[in-house]
Amino acid sequence: QYIMHIHFIGIGGIGVSALARYYLSKGAAVSGSDLVASEIIQALAKQGATIVIGDHSALNVPQAATRVIYTAAIPKTNPELKSAKSRKLETMTYAEAVGDLTRQFRTVTISGSHGKSTPTAMTALGMEEGYMHPTVIIGTKMREYGDSNFRKGGGPHLVLEADEWNKSFLNYSPHVAVVTNIDAEHLDTYKTVTAVEDAFGDYLSKVPADGKIVANADDPRLASVAKKFGERVAWYSLQSKEAAMVKPLLKVPGGHNVSNALAALTAGRVLGVAEPDILRALEKFRGTWRRFEMKGMYRGAHLVSDYGHHPREITATLAAAREYFPMRRLWCVFQPHQYQRLKY
């Protein structure tokens, strides 16, 4: 029997590793390489992937490999990519490979300049509570999935966190597209915020006539891009009566999480999940890895880890901390995600 063997260059990345887990779950042979080891790589190796750590080398691509998937961040001069091309193996970027996948499912994508992982998690858990058994690819580790960024489903739906970096999301074919906001982010790709808006417009035009767009009415840039799609848009807003219903249920702090929950509630409704099922999932949700994650105490101070690295994300995190610890002094320790991004 012919078994597909897929080699991943940069297998430790949060998105790439989820795709590797998908192929492992389908019974494909999976190998990969990365510069440094991590918990994610250890978990993949336990699941049966063969992984080489250290400098990239043509020797890392197994003889049996039939397809090579690589992160768009690697240069064309990468020895593994060059070896794959000289051997005439099928090569594709992570975004192209995920794009292929989106056409095999009824795909629900969650995108936006900030805060994709939490509404992705909330939407997926609501669908699961509603017996829809989605397959899920998410950009964070989830407790509910045994600290994994992937869930194998049995239903026709794929729930996917869709990133606009490098215009990745333009490879995808969503049936339901959820968008949280549009902001001046990934300016290495886009240069201007107008170009970001244009890309989101192109992305939303991929939603078919019988599909739906779920959009945040509170975000002015997004509202102006999405309103062109008329009846296809299901709006959500912190001004709605649902906001007052959802807020007391949530265990995760901050106004941005009320907005995330409304996105998940609206997406669930559009998909035909019963409202009590969605609300039950929102009530159970305890947050994800590095998203306002409580790490414990140090000398009487609570330590919270958060991944927000854009000014708007940091502001939302600090507002959540202020709400959660009303009378305490807050210390913000900031580590830039990337030098280039911080500069922009």
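These legends accompany several views of one protein, and the model shown is predicted.

**View 1. The whole protein, with its 13 helices and 14 strands.** Let's start with the full chain before moving in. The protein has a radius of gyration of 20 Å, close to the 20 Å that the globule rule gives for 344 residues, so it is as compact as a globular protein of that length. Along its principal axes, the C-alpha trace spans about 60 × 55 × 40 Å. Of the 344 residues, 52% are buried. If you look at contacts with a separation of 6 or more, 60% of them come from residues 24 or more positions apart.

**View 2. Strand β4, residues 67-70, is covered on both faces.** Here you can follow the side chains on either side of the strand. Arg67 and Ile69 lie on one side, while Val68 and Tyr70 lie on the other, and all of these are buried.

**View 3. β4 is joined to strand β1 and to strand β5.** Which way do β1 and β4 run relative to each other, parallel or antiparallel? They run parallel, and four bridges join β1 (residues 5-9) to β4. You can find one pairing at Ile6, whose bridge partner in β4 is Arg67. Now turn to β5 (residues 90-93): this strand also runs parallel to β4, again with four bridges joining the pair. Look for Val68, which stands opposite Thr91 in β5.

**View 4. Helix α3 belongs to a β-α-β unit with β4 and β5.** Trace the chain from β4 through α3 (residues 79-86) and on to β5. Together these three elements make a unit that is right-handed.

**View 5. Helix α12 covers residues 311-324.** How far apart are the end C-alpha atoms of this helix? They are 20 Å apart, and this agrees with the expected span of 20 Å, because the helix has 14 residues at 1.5 Å a residue.

**View 6. Helix α12 has a buried side and a face turned away from it.** Which residues of α12 are buried? They are Glu313, Ile314, Thr317, Ala320 and Ala321. Seen down the helix axis, the buried residues of α12 fall within an arc of 125 degrees, so they line one face of the helix. These buried residues pack against helix α10 (255-271). On the face turned away from the buried side, you will find the exposed residues Pro311 and Thr315.

Definitions and conventions: Residues numbered from 1 in each chain as written. Predicted model: local features only at pLDDT ≥ 70, side-chain atom pairs only at ≥ 80, totals over all residues. Heavy atoms only, no water. Helix = DSSP H or I, 4+ residues; strand = E, 2+ residues; numbered from the N terminus. Expected span 1.5 Å × (residues − 1). Buried < 20%, exposed > 50% of the residue type's maximum accessible area, 1.4 Å probe, protein only. Arc of directions from axis to C-beta. Contact = heavy atoms within 4.5 Å. Pairing = 2+ DSSP bridges. Right-handed = clockwise from strand over helix to strand, strands pointing away. Rg over C-alpha atoms; globule rule 2.2 N^0.38 Å.
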